Amino acid sequence: MSQTTIARYYEAFNQGDIDAMLATLHADFTHHVNEGAARLGKAAFADFCRHMSETYRETLTDMVIFASEDGTRGAAEFTVNGTYLKTDPGLPEARGQSYILPAGGFFTLKDGLITRVTTYYNLADWIRQVS
């Protein structure tokens, strides 16, 4: 079940379907980002997703999903193929630069829904690619 939920989450990401991503999340959801404070709740995550879709166009490929036997933990490894569309405050200026990054996500699930996702990628590598 957890592998299916995680797969649905990333399929929705690749389709740019924020509502479908939100449908995979538990009411008690927390998003731990690579850099910065955790976001609590689905509304904060939806705001983050809207900002990201305006600032970056990304497709995830080479997806491999892992899950614990009890369905409460999971992870995914993938490649981010992106374009930097709009300057994000505190980061280099956006000029339509392309980037490719290895990345991953770590999940906790309850009742078949995601309660936590922690995203990891190498920010210094991304900055080198878009600078």
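The following conversation walks through helices, buried residues and salt bridges in a predicted model.

Visitor: How far apart are the end C-alpha atoms of helix α1?
Guide: Helix α1 has 14 residues, and at 1.5 Å a residue these should span 20 Å. The separation in this predicted model agrees with that expectation, since the end C-alpha atoms of α1 lie apart by 20 Å.

Visitor: Which residues of α1 are buried, and where on the helix do they fall?
Guide: The buried residues of α1 are Ser 2, Thr 5, Ile 6, Tyr 9, Tyr 10 and Ala 12. Seen down the axis of α1, these buried residues fall within an arc of 155 degrees, so they line one face of the helix.

Visitor: Which residue follows α1 with a positive phi?
Guide: Helix α1 is followed by a residue whose phi is positive, near 70 degrees, and that residue is Gly 16.

Visitor: Is Ser 2 buried or exposed, and which residues does Ser 2 touch?
Guide: Ser 2 lies in helix α1, and because its relative accessibility is 4%, Ser 2 counts as buried. Leaving aside residues up to four places away in sequence, Ser 2 touches Ala 67, Ser 68, Gly 71, Arg 73 and Leu 109.

Visitor: Why does Ala 75 count as buried, and which residues does Ala 75 touch?
Guide: Ala 75 has its place in strand β4, and it counts as buried because its relative accessibility is 16%, where the cut-off for buried is under 20%. When residues up to four places away in sequence are not counted, Ala 75 touches Ile 6, Val 64, Ile 65, Phe 66, Gly 105, Phe 106 and Phe 107.

Visitor: What distance separates the C-alpha atoms of Ala 75 and Val 117?
Guide: Ala 75 and Val 117 are 42 residues apart along the chain, and their C-alpha atoms are separated by 9.0 Å.

Visitor: Which residues of helix α3 are buried, and what covers them?
Guide: Helix α3 runs over residues 42–55, and its end C-alpha atoms are 20 Å apart, which agrees with the span expected for 14 residues. Its buried residues are Phe 45, Ala 46, Phe 48, Cys 49 and Thr 55. What covers these buried residues includes the helices α1 and α2 together with the strands β1, β2, β3 and β4.

Visitor: How many salt bridges are there, and which residue pairs with Asp 47?
Guide: The count comes to 3 salt bridges. In one of them Asp 47, partly exposed at 47% relative accessibility, has a partner that is also in helix α3, 3 residues apart and about one turn of the helix away. With the closest N and O atoms 2.6 Å apart, the partner of Asp 47 is Arg 50.

Visitor: Which residue forms a salt bridge with Glu 54?
Guide: Glu 54 forms a salt bridge with Lys 86, the closest N and O atoms being 3.8 Å apart. This pair links distant parts of the chain, with Glu 54 in helix α3 and Lys 86 in the loop between β4 and β5, 32 residues apart. Glu 54 is partly exposed, with a relative accessible area of 47%, and partly exposed at 44% is the partner asked for, Lys 86.

Visitor: In which helix do Asp 125 and Arg 128 lie?
Guide: Asp 125 forms a salt bridge with Arg 128, and their closest N and O atoms are 4.0 Å apart. Arg 128 is exposed, with a relative accessible area of 58%. The two residues are 3 residues apart, about one turn of the helix, and both lie in helix α4.

Terms used
Residues are numbered from 1 along each chain as its sequence is written. This is a predicted model: local features need pLDDT of at least 70, side-chain atom pairs count only at pLDDT 80 or more; totals for chains, interfaces and linings use all residues. Side-chain values use heavy atoms; hydrogens and water are left out. Helices (H or I, at least four residues) and strands (E, at least two) are DSSP runs, numbered from the N terminus. The expected span of a helix is 1.5 Å times one less than its number of residues. Buried means under 20% relative accessible area, exposed over 50%, partly exposed in between (1.4 Å probe, protein chains only). Contact means heavy atoms within 4.5 Å. The arc is that of the directions from the helix axis to the C-beta atoms. A salt bridge is a side-chain nitrogen of Lys or Arg within 4 Å of a carboxyl oxygen of Asp or Glu.
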